[in-house]
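The following exercises ask the reader to work through the architecture of one structure, from single chains to the contact between chains. Each task is followed by a solution that proceeds step by step.

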Amino acid sequence: MAGGPNKALLAEIASRPGRDTLASTLIKWSFIGASLVFLAALLFAPLITVFAAALEKGWQLYFSSFKDPDTLAAIRLTLTTAAIVVPLNTVFGMSAAWAIAKFEFKGKSLLITLIDLPMAVSPVISGLVYVLLFGMQGWFGLWLQEHDISIIYALPGIVLATMFVTFPYVARELIPLMQQVGNDEEEAAITLGAGGLMTFFHVTLPKVRWGLVYGVILCNARAMGEFGAVSVISGHIRGLTTTMPLHVEMLYNEYNFVGAFAVASLLTMLALVTLVIKTLVEWRTGIRKH
Amino acid sequence: MTSTFRQPSILPGFGLTLGFSTFFLSAIVLVPLAALVMKTASMGWSDFFHVLTDPRAVASYRLSFGAAMLAAFINSVFGFVIAWTLVRYEFPGRAFIDALIDMPFALPTAVSGIALTAVFAENGTIGQYLAPLGIKVAYTWIGVVVALTLIGLPFVVRSIQPALLEVQRDLEDAAETLGAGRFYVFRRIILPTVLPALLTGFTLAFARAVGEYGSVIFIAGNLPMKTEITPLLIVIKLEQFEYAAAAALGFIMLMMSFVMLLSINLLQAWGRRRLVASGR
């Protein structure tokens with residue numbers, strides 16, 4: 001107390017009841033400040049840069065970069081790929097979730113681990129494995145060439161690699177959710193004479209629909225944005241096998257920065273829309289994941 | 001046989017859904033991965049070791065694993081700070097920032113790659129202030145760490161957030177009433193509760209960062225022996241039609257993924273046991 005009025009004042013403040021002492025307020029704002037600075041440098045600055053760089057030479061040039069036929073072809077290819085991959089992985093996810101969540105069987109945890117495996121594998125490896133299977137030196141390479149079927153450097157390869165990468169997304173959202181809601185209502189429906197499909201669509205699906213939406217939009221975002229796996233398998237044939245992310249790379253390497261960031265801005269908007277839907281689903285259901 | 005394989009249930013569709021799932025899983029994931037293992041096995045031990053111990057490959061492991069480790073460490077510190085801020089404090093824009101944390105999950109890696117390069121290049125928004133200090137980020141190993149930090153951030157924050165909610169605040173209050181200092185409360189109450197989640201987040205971020213390709217290749221500069229990551233080396237081997245060498249490098253990375261997946265599962269089991277043991 002002999003240290004002067006300031007010290008006494010601080011001690012008095014610190015001894016007040018409640019959490020909001022001077023020290024805790026300082027800690028609070030330094031935590032908030034550190035978080036904001038870190039996120040500003042790593043997250044906000046790149047996001048703003050995408051749009052700033054795309055619009056650097058004005059709106060006219062921005063919009064004219066979407067008139068390029070190769071850009072349009074890239075957008076079409078990305079949409080086609082997602083239109084094939086997302087429904088297939090959704091059907092797989094629902095089927096795997098039904099088997100895993102509704103029944104007890106041996107080897108279940110192994111199956112779950114194997115479904116999660118693509119999440120842990122480098123995207124480059126996801127593309128590489130298909131090159132090893134279907135490439136010229138691969139298992140089926142010669143047979144495919146004899147029958148004039150192209151998988152590598154063509155749409156089927158891009159679809160397969162994208163499917164590998166996005167494989168777990170729907171299943172891993174649905175499995176815990178379906179386990180959590182239990183089997184009672186399904187068992188009641190079956191006992192009352194409903195068929196399997198009717199039970200699934202009228203009893204199970206309404207209970208887990210928000211989890212399904214959540215899984216599907218994440219799967220879609222990843223499918224449209226996948227770079228590494230598709231890059232390995234696509235062959236980078238301009239206007240033919242370049243998806244939007246690959247087209248971004250191609251334009252960027254040609255120093256066409258406005259074009260590259262213009263396509264990148266579309267992908268960024270897709271990511272923002274995905275986050276908005278994801279946040280709405282989370283508010284709606286109170287689930288919190290990852 | 002079925003009765004020992006699975007427990008009886010009146011629900012239909014077990015055979016159909018399990019059959020379809022395992023078939024699809026095998027076709028898309030397991031058979032292709034088996035092709036990678038077979039290709040590696042076909043090359044013989046001496047070739048295998050020759051590829052793996054090539055100085056260029058060793059330099060790439062050092063960068064990939066070193067930068068991923070450093071990025072996961074940075075994320076553990078800042079991820080904790082951010083998770084703490086989001087869970088404990090109320091401030092304007094909190095919900096907005098909370099939602100935006102998932103951005104690196106949703107943003108295509110090529111986009112984050114070119115955007116980070118533009119920000120951290122010598123004439124970029126942030127790079128222009130670092131350049132006079134002699135810090136070069138883009139086209140150096142620091143750039144690799146920056147890209148991997150962005151990619152790993154949501155894994156750490158999203159792992160820690162639920163664990164922080166579990167921390168019993170009455171315990172903190174009781175400790176403070178009994179004279180414990182802030183740091184003591186942190187070390188003895190908060191850290192033990194959050195530790196399994198923190199380690200899980202660290203491992204997830206590390207696993208993702210080791211394999212990352214898209215966001216790194218733009219900012220790294222890709223100089224052999226200096227700023228070349230292992231996934232890029234695999235791509236280069238493929239472009240030179242050295243399929244076996246690419247497969248061998250891929251095999252090593254795959255083994256690392258297995259080990260990390262296993263440790264994540266063990267860490268999560270550990271975390272659950274601790275929760276049960278503490279009676280919650």
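**Domains of chain B**

Five residues of domain 1 of chain B are in contact with nine residues of domain 2 of chain B, and this, like everything that follows, is read from a predicted model.

**Exercise 1.** State where the two domains of chain B begin and end, how far apart their centres lie, and which residue classes form the side of domain 1 that touches domain 2.

*Solution.* Step one is to take the bounds from the domain assignment, which places domain 1 of chain B at 14–43 and domain 2 of chain B at 45–277. Step two is the separation: the C-alpha centres of these two domains of chain B are 29 Å apart. Step three returns to the contact of five residues with nine, where the side belonging to domain 1 of chain B consists of three nonpolar residues, one polar residue and one charged residue.

**Exercise 2.** Carry out the corresponding analysis for chain A, and describe its secondary structure and overall dimensions.

*Solution.* Begin with the assignment for chain A, in which domain 1 covers 21–54 and domain 2 covers 60–285. The centres of the two domains of chain A, taken over C-alpha atoms, are separated by 32 Å. Their contact draws five residues from domain 1 of chain A and eight residues from domain 2 of chain A, and on the domain 1 side there are five nonpolar residues, with no polar and no charged ones. For the secondary structure, chain A has 14 helices and zero strands. For the dimensions, the C-alpha trace of chain A spans about 95 × 65 × 35 Å along its principal axes, and its radius of gyration is 26 Å, whereas a compact globule of 290 residues would have a value near 19 Å.

**Exercise 3.** Describe the contact between the two chains as a whole, naming the helix of chain B that gives the most to its side.

*Solution.* First count the participants: 72 residues of chain B are in contact with 75 residues of chain A. Next consider the contributors on the side of chain B, where helix H2 (residues 14–41) gives the most, with 15 residues. Finally sort that side of chain B by class, which yields 54 nonpolar, 14 polar and four charged residues.

**Exercise 4.** For the pair H2(A) and H7(B), and then for the pair H4(A) and H2(B), decide whether the helices are roughly perpendicular or oblique to each other, and list the residues that meet.

*Solution.* Two packed helices are described by the angle between their axes and the distance between the axes. Helix H2 (residues 22–54) of chain A packs against helix H7 (residues 109–120) of chain B at about 90°, with the axes 8 Å apart. Because angles of 65 to 115 degrees count as roughly perpendicular, that is the description for H2(A) and H7(B). H2(A) contributes A:Ala45, A:Pro46, A:Thr49, A:Val50 and A:Ala53, while H7(B) contributes B:Val111, B:Ser112, B:Ala115, B:Leu116, B:Ala118 and B:Val119. This contact comprises nine nonpolar residues and two polar ones, with no charged residues.

In the second pair, the axes of helix H4 (residues 69–102) of chain A and H2(B) come within 8 Å and cross at roughly 125°, and H4(A) and H2(B) are therefore oblique to each other. Their crossing is left-handed. The residues that meet are A:Phe92, A:Ser95, A:Ala96, A:Trp98 and A:Ala99 in H4(A) and B:Phe14, B:Thr17, B:Leu18, B:Phe20, B:Ser21 and B:Phe24 in H2(B). By class, the contact of H4(A) with H2(B) has eight nonpolar and three polar residues, and no charged ones.

Terms used: Residues are numbered from 1 along each chain as its sequence is written. Chains are lettered from A and ligands numbered from 1 in the order in which they are written. This is a predicted model: local features need pLDDT of at least 70, side-chain atom pairs count only at pLDDT 80 or more; totals for chains, interfaces and linings use all residues. Two residues are in contact if their C-beta atoms, placed from the backbone, lie within 7 Å. Helices (H or I, at least four residues) and strands (E, at least two) are DSSP runs, numbered from the N terminus. Ala, Val, Leu, Ile, Met, Phe, Trp, Tyr, Cys and Pro count as nonpolar, Asp, Glu, Lys and Arg as charged, and the others, Gly among them, as polar. Domain bounds come from an automatic or database domain assignment. Axes are lines fitted to C-alpha atoms, for helices over the stretch in contact, and angles run from 0 to 180 degrees between N-to-C directions. Angles under 35 degrees count as roughly parallel, over 145 as roughly antiparallel, 65 to 115 as roughly perpendicular and the rest as oblique. A crossing is left-handed if the near helix is turned anticlockwise from the far one by less than a right angle, and right-handed if clockwise. The radius of gyration is taken over C-alpha atoms; the globule rule is 2.2 Å times the number of residues to the power 0.38.
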